[in-house]
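I sat down with this one to see how its pieces pack together. Here are my notes, in the order I looked things up.

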Amino acid sequence: MGDPIRVLHVDDEPDFAELTATFLEREDDRFEIETAARVDEALDRLATLDVDCIVSDYDMPGRNGIEFLETVRGERPKLPFLLFTGRGSEEIASRAISVGVTEYLQKEGSADQFTVLANRIENSVRAFRAETAVIRTEERYHNLVDTAPIPIIVFDRHGEVVYSNDAAIEFFEAGTPAELEGRAVTDFLHPEDRERAMARFQRLMAEDIALPETEFRLRTVDGIIKTATVATAPGYYRGQKVAQAMAYQ
């Protein structure tokens with residue numbers, strides 16, 4: 001059994017909500033279903049519940065499913081939200097998509113609809129959790145690297161800067177990170193060291209291995225040459241493979 005999948009199902013028909021919970025929990029024992037009959041009740045639940053997905057009807061007393069979705073998107077822009085409604089139309093579907101619905105499904109008269117719903121929930125939550133994990137990894141990376149005492153620069157697969165820490169900004173005598181972002185690997189090197197450095201960069205990206213430290217002559221933004229020992233290693237940044245370069249004097 002994997003991690004629980006906590007679902008808030010909002011529907012003003014109690015019998016259908018209970019039936020949906022029964023079928024979903026049969027489809028996958030990871031599902032934990034909470035129910036609410038109105039949007040206001042659902043919002044109160046969201047204030048205290050940590051849910052992985054919302055499944056909502058459209059036509060309900062007070063506020064409808066689109067209005068509910070708009071409110072949720074204002075606070076939780078990435079949370080999976082599935083509109084599961086018996087009142088389907090192109091207009092409702094178009095409005096839901098424009099507001100940021102994750103999935104749009106129409107209620108049907110067979111048990112198969114719950115199998116489809118279960119699959120859509122599982123797929124949506126898996127994607128949401130993967131994206132959340134990447135964001136958290138990047139946050140931890142920044143917390144560690146931003147204040148590291150050594151200059152660290154991250155290059156994308158094209159050899160352009162996508163990140164530099166405070167020490168790198170100071171080392172290369174830049175005023176802000178923006179002065180380094182988008183620059184090529186070769187911009188930071190003495191002309192006679194560029195060919196060797198590019199061969200090293202291409203090997204790192206191809207073989208996905210850290211390379212031994214070596215000495216390079218590095219150029220600041222004003223063209224001043226500083227000799228430093230450089231260590232390079234592969235990594236991932238914003239879901240993309242990158243090369244991380246650290247300089248030691």
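**Helix 3 and the sheet**

I began with helix 3 (residues 65-75), which lies across strand 1, strand 3 and strand 4 (81-85), running at about 175 degrees to strand 4. Helices (H or I, at least four residues) and strands (E, at least two) are DSSP runs, numbered from the N terminus. Angles run from 0 to 180 degrees between N-to-C directions, with axes fitted to C-alpha atoms, for helices over the stretch in contact (heavy atoms within 4.5 Å).

I kept in mind that this is a predicted model, where local features need pLDDT of at least 70, side-chain atom pairs count only at pLDDT 80 or more, and totals for chains, interfaces and linings use all residues. Residues are numbered from 1 along each chain as its sequence is written, and side-chain values use heavy atoms, leaving out hydrogens and water.

Which residues of helix 3 are buried? I found Gly65, Ile66, Phe68, Leu69, Val72 and Arg73 (buried: under 20% relative accessible area; exposed: over 50%; 1.4 Å probe, protein chains only). They cover an arc of only 155 degrees around the axis, so they sit on the same side of helix 3; the arc uses directions from the helix axis to the C-beta atoms. Gly74 and Glu75 are exposed on the face turned away from that buried side.

**The strands**

Next I traced an open sheet of five strands, ordered 2-1-3-4-5 with parallel pairing (at least two DSSP bridges between two strands). Strand 2 (31-36) and strand 5 (103-106) stand at the edges with a single partner strand each, so one side of each lacks a neighbour in the sheet.
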